[in-house]
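User: I'm new to this one and would like to know what stands behind the labels people put on it. Can we go through them one at a time?

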Amino acid sequence: MWRGRGSRAPPGSREAVSRDGAMGTTLDVRVKRAGKVYRDGEVLSGVVVITSKDTVQHQGISLTMEGSVNLQLSAKNVGVFEAFCNTAKPIQIINSTIEMVKPGKLPSGKTEIPFEFPLQMKGNKVLYETYHGVFVNIQYTLRCDMRRSLLAKDLTKTCEFIVHSLSQKGKLLPSPVDFTITPETLQNVKERASLPKFLIRGHLNSTNCVITQPLTGELVVESAEAAVKSIELQLVRVETCEFEVNIVVLLHDDHLITENFPLKLCRM
């Protein structure tokens, strides 16, 4: 089904545009939610918009929803991981196509075609959360294809939407961690004897964290033979889909002190 010229697009929506310069035809994909964020069980809805100065002859318009997990290789990594990535194919999470308009003609002006896709997985399959990392990429897209005759170029446009995992039920139990950092507790130190003496204590209120809440804790420098140049708290994304927090202390003589703690993030 389609609506004729003069229809309005959903407020706050953003456009993804494919243009045919010769014929002056544009193809847009718009989702209703401005943030483009959806969850398992919800309905992904929006409109495909075709704008043309003249009547458009086409061989059908389709819309495909795709989700996949891709492994990506960094130039800094070689060996076993490289061999694995080069042979690993994308893992398909979801794939669904609907025929929006059968072959025919569209009038000049603006034509809007509404669509709805239920984000519903079958069986035990999981709709993984969107993730753009260094080695792992989980992406969901809508692809609209307008097929044309041999004398006219097909139009295709892809628009990404974001999937967030469902909020976990129940209360998240805190997992506090107390720490003490001294020259003796450091790992991978070649010249431990040359380190100045220091004592750093502190705690993280929890390593089980709600992703929308702040990470809290305390750090106290009890003593240090060398002046402290800086103290950093670093949130590090680990590509095993885990996170960790790093405490980094730089002494005045450029000795670097680091300690890391794994974190578990979830949505509540």
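User: Why is V228 called partly exposed?

Analyst: Because its relative accessible area is 34%. Buried means under 20%, exposed means over 50%, and partly exposed is in between (1.4 Å probe, protein chains only). So 34% puts V228 in the partly exposed class. Keep in mind that this is a predicted model, where local features need pLDDT of at least 70 and side-chain atom pairs count only at pLDDT 80 or more, while totals for chains, interfaces and linings use all residues. Residues are numbered from 1 along each chain as its sequence is written, and side-chain values use heavy atoms, with hydrogens and water left out.

User: Why is T182 called buried?

Analyst: T182 has a relative accessible area of 14%, and the limit for buried is under 20%, so the label fits. T182 sits in the loop between β13 (177-181) and β14 (198-204). Leaving aside neighbours within four places in sequence, T182 is in contact with F198 and L199; contact means heavy atoms within 4.5 Å.

User: What makes strand β18 largely enclosed by the rest of the structure?

Analyst: Seven of its ten residues (242-251) are buried, so that's how β18 earns the description. Strands here are DSSP runs of E, at least two residues long, and helices are runs of H or I of at least four, both numbered from the N terminus. By that count the chain has one helix and 19 strands.

User: How do you know that β17 and β18 pair?

Analyst: Two strands pair if DSSP finds at least two bridges between them. β17 and β18 have ten, in the antiparallel sense, so they pass. V238 stands opposite E242 in β18, and V228 lies in β17 (residues 228-238).

User: Which residues touch the most other members of the largest nonpolar core?

Analyst: Of its 35 residues, that's L44, V48, I61, L142 and F161. The largest share, six residues, comes from β11. Another core, of 16 residues, lies apart from it, with F179, I200, I247 and L251 among them. A nonpolar core is a set of buried Ala, Val, Leu, Ile, Met, Phe, Trp, Tyr and Cys residues joined through side-chain atoms within 4.5 Å.

User: How much of the chain is buried?

Analyst: Buried residues make up 37% of the 268 residues in the chain.
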